[in-house]
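Me: Here is a structure that I have not seen before. Please take me through it slowly, and tell me on what grounds each term is used.

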Amino acid sequence: MNLWKIAWRSIQQRSVASWLTAISVGLGVALIVAVLVVHRVVDHSFRRGAQGYDLIVGAKGSALQLVLDTVFYLGQPVDLIPFSYYREFVEGRFVPAVRVAIPICTGHDYKGFRCVATVPDMFERLTYLDNREFRFQEGRNFYPENYFEAVAGYMAARKLKLEVGQEIRPTGYGEAGSKAREDEPFTIVGILEPTGTPIDRAIFLNLEGFFRCKSHQHGPSYEETLLKESEFRVTDTALGEQSSKSESTAEPSPSEDRSTNGAGKDLSARDPQDTGHGTEADHHCEHHEEGALEDESRRLSAILIVSDIENNPQLAMALPRIVNEEPVAQAVAPAKVIAELFDGIVGNVQRVLLILAVLVVIVAGIGITVSIYNSMSERQHEIAIMRALGASRGTVMAIILLESILLALGGGLLGVLMGHSLVGLLSPTIAEHTGVIVSGLDFQLAELILIPGLIALATVVGYLPAVMAYRTDVAKALIAAP
Amino acid sequence: MLLVLEEVKKSFPLPDGSRLEILDIPFFALDAGEQVVLVGESGSGKTTLLHIISGISRPDSGSVRLDGWDITLLSEADCDRFRAKRIGYVFQTFNLLPGFTALENVLISMYFADGRPERARARQLLERVGLGHRLNHKPPMLSVGEQQRVALARALANRPQLILADEPTANVDVGNQQIIIDLLRETCREEGAALLLVTHSPEVARQFPRIERLEHLNRLGKREVQQTV
């Protein structure tokens with residue numbers, strides 16, 4: 001027998017009221033837990049989205065827009081950068097500072113999922129999270145020489161029911177879904193394992209095939225591409241003419257350079273007989289594939305850079321500054337931009353949600369006061385019996401406070417279970433809509449604050465009934481009928 | 001002497017601001033192990049007197065000494081501890097804690113006395129009053145006679161020097177009244193505790209070697225009786 005047991009028995013005696021009170025506390029706590037878990041996971045997902053590379057080089061403009069487009073596949077590209085600038089990182093003056101440089105081109109989508117044109121090295125030389133290598137759940141990575149091959153992220157494949165061997169036709173800039181703007185078909189050759197990053201929600205096209213699509217042989221920029229939309233439609237029916245026309249208007253000085261590594265090299269070395277996939281794609285881009293594409297006809301959204309900090313730290317550190325001082329592009333450290341974005345916007349939303357959840361718990365705490373306070377009139381007799389048996393005023397006050405604490409902690413425990421169950425139940429929906437993988441078993445250290453927080457709350461809200469117990473007139477309450 | 005009351009006065013405030021005098025006892029004493037019955041009219045102050053002896057109520061003046069300790073001089077907290085250890089109280093309405101089992105009702109009394117409940121003694125006491133098979137039953141599951149027997153075991157739990165019993169058979173059926181009285185007297189004798197029992201029942205009173213009428217102890221009661229006559 002001890003004070004905890006005595007308090008617990010009092011709770012048991014009023015089980016219905018106690019349960020209702022605990023549940024109301026539990027709902028508030030569940031809300032806090034859900035906010036904490038989702039925030040932590042979203043925060044983690046946001047921050048880890050750009051893991052695997054430390055720099056993004058893209059067109060000058062909004063750094064945030066560049067990161068959103070490149071890392072999260074959200075929004076539109078800032079603008080395009082010349083392919084020749086990419087060469088600076090793979091064979092030019094920036095080579096000593098760079099370990100890996102991956103060119104990417106965004107702006108296309110397929111049935112609502114972003115298509116990202118890149119090179120096979122994206123999945124071979126880059127890693128995600130803590131140096132994890134990309135693995136294929138099905139199929140393989142696309143080959144450089146097979147221009148119209150594509151790889152689907154886990155969630156994109158699942159949602160779109162994509163299978164290896166299936167052909168997809170990405171939609172070009174603007175007018176999503178318009179048949180007139182559909183590109184040549186790409187064949188899915190691999191489906192990635194889930195990574196828990198935005199990569200899960202994208203489809204990756206072979207950059208060379210992407211460049212050879214008819215819609216990319218025109219303007220050097222997004223705006224110009226839009227302006228030339230009517231021209232695309234005209235040329236769609238006369239592919240040969242379109243090619244020569246575009247070259248003569250937008251790309252006046254073709255390059256014959258075939259000696260580049262990475263994308264450019266792969267493209268130049270490509271043998272149409274080696275594609276090994278549907279002839280329809282070849283048919284669509286036939287005229288482009290006959291010759292090598294010059295650099296001027298290629299433009300990129302961004303370059304993902306893994307700096308060579310180990311071998312050339314000084315140059316690697318100076319690289320962003322050098323790029324930013326030049327007029328061509330900007331270099332952005334994605335982690336910094338993401339941190340600013342998260343702390344500035346998402347963090348504030350989370351704070352508001354947390355404040356609301358804390359208010360819910362406080363209201364539920366007041367429920368504890370009401371519950372115990374309402375029971376006090378019938379408990380005066382019980383308290384008087386305890387006093388008559390020798391319990392001091394302090395002892396009966398402590399019993400009431402412990403009862404309040406037990407209700408709050410019990411409700412809190414219930415809330416933690418409800419919160420995690422809620423997260424667990426919602427995790428498939430969250431993953432489906434956001435690509436963020438949330439687990440009901442993601443316990444956060446911050447949840448430990450709930451314990452002292454609830455004890456403090458229970459002490460405050462239990463004080464009023466405890467004082468009532470303290471002031472009980474024993475003789476009077478003993479005489480009164482129970 | 002175990003218990004000595006001297007010049008004990010008690011009054012209660014009335015709504016009009018005056019005071020209603022209830023007790024004015026010049027002297028009352030009880031020896032260790034003695035068994036005394038106290039009788040008196042309803043409202044004559046018997047329960048108030050028991051409350052004063054147990055320290056639940058404080059007298060307006062006078063002294064109440066138990067085993068040499070004047071409980072009117074003790075602080076409230078000390079008085080609570082003193083009561084828990086030295087006085088057992090059997091109430092008319094049993095006053096068991098409804099959320100606790102018979103065993104726990106006895107243990108809780110021990111816990112309030114010194115924080116060290118003796119489970120074996122609690123069981124032994126309950127077995128002594130014939131409730132060995134009802135240890136884990138809560139009060140609502142017990143008959144009134146059984147409830148009063150639990151109350152008796154609880155009163156004896158801390159080996160008190162004095163048992164105060166306030167009309168312990170008033171709410172018990174006739175068949176159980178004698179059983180309760182016999183148990184009360186026997187167990188008090190076994191435990192060496194003095195017994196001061198309040199009753200309205202002449203049958204119960206007749207069984208005690210010493211019968212005190214409150215009207216005789218109380219100056220106010222005498223006056224009232226004289227006025228009535």
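Reply: The secondary structure of chain B comes to 9 helices and 9 strands, where helices (H or I, at least four residues) and strands (E, at least two) are DSSP runs, numbered from the N terminus. This is a predicted model, in which local features need pLDDT of at least 70 and side-chain atom pairs count only at pLDDT 80 or more, while totals for chains, interfaces and linings use all residues. Residues are numbered from 1 along each chain as its sequence is written, and chains are lettered from A and ligands numbered from 1 in the order in which they are written.

Me: What makes β6 and β9 of chain B edge strands?

Reply: Two strands pair if DSSP finds at least two bridges between them. In chain B an open sheet of 5 strands, with parallel pairing, follows the order β6-β7-β8-β3-β9, and β6 (87-90) and β9 (210-213) of chain B each pair on one side only, which makes them the edge strands. Neighbouring strands of this sheet are turned by 20° against each other on average, direction ignored, with axes being lines fitted to C-alpha atoms, for helices over the stretch in contact, and angles running from 0 to 180 degrees between N-to-C directions.

Me: How do you know that β6(B) and β7(B) are joined?

Reply: The parallel strands β6(B) and β7(B) (residues 162-166) are joined by 4 bridges, and pairing asks for at least two, so the two strands count as paired. Within this pair, Gly88(B) has Ile163(B) of β7(B) as its bridge partner.

Me: Why is one side of β2 and of β5 of chain B left without a neighbour in the sheet?

Reply: These strands belong to an open sheet of 4 strands in chain B, ordered β2-β1-β4-β5 with antiparallel pairing. Because β2 (19-30) and β5 (69-70) of chain B stand at the edges and have a single partner strand each, one side of each lacks a neighbour there. Helix α1 (residues 46-54) of chain B packs on the sheet, where it touches β1, β2 and β4 of chain B, and its direction makes about 120° with that of β1(B).

Me: What makes both faces of β14(A) covered?

Reply: A residue is buried if 20 or more other C-beta atoms lie within 10 Å of its own, exposed if 12 or fewer, and partly exposed in between, with C-beta atoms placed from the backbone. In strand β14 (residues 329-332) of chain A, Ala329(A) and Ala331(A) on one side and Gln330(A) and Val332(A) on the other are all buried, so both faces count as covered. Strand β1 (residues 55-59) of chain A pairs with β14(A) in the antiparallel sense over 4 bridges, and Val57(A) stands opposite Ala331(A).

Me: How many residues of chain A are in contact with chain B?

Reply: Two residues are in contact if their C-beta atoms, placed from the backbone, lie within 7 Å, and in this sense 18 residues of chain A are in contact with 24 residues of chain B. On the side of chain A that touches chain B, α1(A) gives the most, with 5 residues.

Me: Which elements of chain A have the lowest and the highest mean pLDDT?

Reply: pLDDT is the predictor's confidence in each residue, from 0 to 100. Among the elements of chain A, helix α12 (residues 279-284) has the lowest mean, 35, and strand β8 (residues 149-152) the highest, 94. Chain A averages a pLDDT of 76, but pLDDT stays under 50 over residues 218-290 of chain A.
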